[in-house]
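Colleague: I am new to reading structures, and I would love a close look at a single part. Could you take me through chain B, and then show me how its partner compares with it?

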Amino acid sequence: MNAARRFDWMPLALVGAVLLAALPLVGSASTWVTLTVAGLAMGMMVYMMASGLTLVFGLMDVMNFAHGAFISVGAYAAASVLLALHGRMEQPSLAANLSAMLPAALAAIVLAGALGLFFERVVIRPVYGDHLKQILVTMGGLIVCEQLIHVVWGPDQIPLPRAASLAGSITFGDVAIERYRLLAVLVGLAVFAAMWLLLARTRIGLLIRAGVENAEMVESLGYRIRRLFVGVFVAGSGLAGLGGVMWAMYQESVNAQMGMQMMVVIFIVIIIGGLGSVGGCFVGALLVGLLANYIGYVAPKLALGSNILLMVLVLLWRPNGLYPVGKS
Amino acid sequence: MAEALLSLAGVHTHIGQYHILQGVDFEVPRGGLTMLLGRNGAGKTTCLRTVMGLWRASAGSIRYDGKNATHTPTPDLARQGIAYVPENMGIFAGLTVRENLLLAAREQALDEKRLEWIFGLFPAMEKSWHGLAGTLSGGQKQMLAISRAIVEPRRLLLVDEPTKGLAPAIIANMIDAFKELKRTDTTILVVEQNFHFARTLGDTVAVMDSGRIVHTGAMAALAADQALQTRLLGLSLEAHQ
């Protein structure tokens, strides 16, 4: 039993290379730290939104453009709770703030998960195996959801003041780090760690990893892949909702188009990472977040195209993504 | 002939616009090893996939252990004791050898005694225990696919071309492993193109052509009749010694 499993460190080395290459370009170490934390925070939030979608694609080969609706609905659900509990958000105590933010996050996860369940049952199930129809019906579903948000919450953007204890920055010498960005990094790391534990250490995780490679063979071993898929779809939708509320609090506002706007970045992240790969999605999200912040500072005119440029370069290096999933 | 564990009667299978199985009738006797032979495109793989429920029979009936299994979902068939090794082996390349076997062990844990028996059949599995399945050689992947199918006792083993693309030394290992498997009470149905392998191991044989069974009987009788081999398969077994 001597043939050990080898981990591919090259994509992580790429993240390290980006970090190091940015330091001389940015010029100032304190600015570099601020930009790095901002990039990591953005990456973590994008990861939360994207990880469910990559698993859904890997498991059942479903192109779900409606994933953006789960982000928006999650953000609006949380906004409703936060506005109702705004008194707690205004108190300078972290405990008081969390007593509003945790129910808000829970509402986002539950409502986005429930919407995901509805979508899987009603919209996506009839079009399994047909990518063109999947794109059409899920895009249609996304538009319908946006309009329903207008009906329920109104057409205007809703301001979402940040919690009092998370406003402002922590400073270390010349380095200023926004408190909220630190929270985003911590929540993102916690989500990644939970997903890693689930996928690497549990039987359900083993089934998901096997199902992403070969769903038919998993069925041939006696497992009902459809049930597993529904579970992953709902969990992925809930995570998108959580990512939505984190992003909304970061932007300090919610609007019905926020999910659709994030879908471009999310698709870039899951393509860079390797369709179906959660680890690849994580590394891809970090790269997107870091580059967006570094390039936005060093060469603002290039910021708009930085994600596309990153995707092109990564796919030239690894055409199936950073951590390709071997389909059999 | 022993009582049939699996029987197909008038089974038709359509894949899209193609009518692949056109009324397949044959039985797999309980406890023996049945070879399903035929030229390329005869419908052998479709036959196995239809039995496993991966493609739906459009007409006819499939009975497994005396019960109608024509439209039984694949996971239920697996839980009733049917194991399937597809032509492409279906191993999970991103999982370790251990994880591949663990997934097939529905008792949640691997039976150490059974594992030792499998390591005896395929020592390479023990050597690669923590290695990724995707890094194994073609022969080792086939060994893993078969090990996974037998990691727990199964009643019926469906194996699609186990010797495809394998070196002669590995085929010899496969023959020994199947001989050992035949000593258990597992019923085995093998689709095969290697006639030496088929003749060495088969108890009974069914030959397919153009989506139908054109011959059934004892493997020994087919092996002894060169004229019949030439008529059914287009060449004699002697050509493959």
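Modeller: Happy to! Chain B has 10 helices and 10 strands, and please keep in mind from the start that this is a predicted model. Let us begin with the overall form of the chain and then go into its sheets.

Along its principal axes, the C-alpha trace of chain B spans about 45 × 40 × 35 Å. For its 241 residues, a compact globule would have a radius of gyration near 18 Å, and chain B has 17 Å, which agrees. Of those 241 residues, 45% count as buried. There is also a way to see how the chain folds back on itself: take the contacts between residues at least 6 apart in sequence, and 69% of them in chain B join residues at least 24 apart.

Now for the sheets. In one of them, 4 strands of chain B form an open sheet in the order β2-β1-β4-β5, with antiparallel pairing. Its edge strands are β2 (18–29) and β5 (67–68) of chain B, each of which pairs on one side only. Look at strand β1 of chain B, residues 4–15: it pairs with β2(B) in the antiparallel sense over 9 bridges. To find one of these places in the picture, start at Leu8(B), whose bridge partner in β2(B) is Phe26(B).

Across this sheet you will see a helix. Helix α1 of chain B, residues 44–51, lies across β1, β2 and β4 (59–64) of chain B and runs at about 70 degrees to β2(B).

Another open sheet of chain B has 6 strands, in the order β6-β7-β8-β3-β9-β10, and here the pairing is mixed. The edge strands are β6 (82–85) and β10 (212–218) of chain B, each pairing on one side only. From one strand to the next, the twist averages 15 degrees. Helix α1(B) comes back here: it packs on this sheet, touching β3 (33–38), β7, β8 (187–191) and β9 (204–209) of chain B, and its direction makes about 145 degrees with that of β7(B). So you can use α1(B) as a landmark, since it touches strands of the 6-strand sheet and also lies across strands of the 4-strand one.

What does mixed pairing look like, strand by strand? At one edge, β6(B) and strand β7 of chain B, residues 156–160, pair in the parallel sense over 4 bridges. There, Ala83(B) stands opposite Leu157(B) in β7(B). At the other end of the order, β9(B) and β10(B) run antiparallel and are joined by 6 bridges. Met208(B) stands opposite Ile213(B) in β10(B). These two strands make a hairpin with 2 residues between them, and in it Ser210(B) takes a positive phi near 50 degrees.

Next, try a single residue. Gly134(B) is found in the loop between α5 (123–127) and α6 (138–149) of chain B. Is Gly134(B) buried or exposed? With 15 C-beta neighbours inside 10 Å, Gly134(B) counts as partly exposed, because a buried residue needs 20 or more and an exposed one has 12 or fewer. Leaving out residues up to four places away in sequence, Gly134(B) touches Gly326(A), Ala93(B) and Gly94(B). The C-alpha atoms of Gly134(B) and Thr96(B) are separated by 8.2 Å, although their positions lie 38 residues apart along the chain as a sequence distance.

The contact with Gly326(A) takes us across to chain A. The contact between the chains takes 21 residues from chain A and 28 residues from chain B. On the chain A side, α8 (203–213) and α9 (215–220) are the elements that give two or more residues. The residues on that side divide into 9 nonpolar, 6 polar and 6 charged.

Finally, here is the partner itself. Chain A comes to 13 helices and 4 strands. Its radius of gyration is 20 Å, close to the 20 Å that the globule rule gives for 328 residues, so chain A is as compact as a globular protein of that length. Its C-alpha atoms fill a box of roughly 60 × 50 × 40 Å along the principal axes, and 50% of its 328 residues count as buried. One helix to look for is α12(A), which is mostly covered, with 18 of its 21 residues buried.

Methods
Residues numbered from 1 in each chain as written. Chains lettered and ligands numbered in written order. Predicted model: local features only at pLDDT ≥ 70, side-chain atom pairs only at ≥ 80, totals over all residues. Contact = placed C-beta atoms within 7 Å. Nonpolar A, V, L, I, M, F, W, Y, C, P; charged D, E, K, R; others polar. Pairing = 2+ DSSP bridges. Axes fitted to C-alpha atoms, helices over the stretch in contact; angles between N-to-C directions. Rg over C-alpha atoms; globule rule 2.2 N^0.38 Å.
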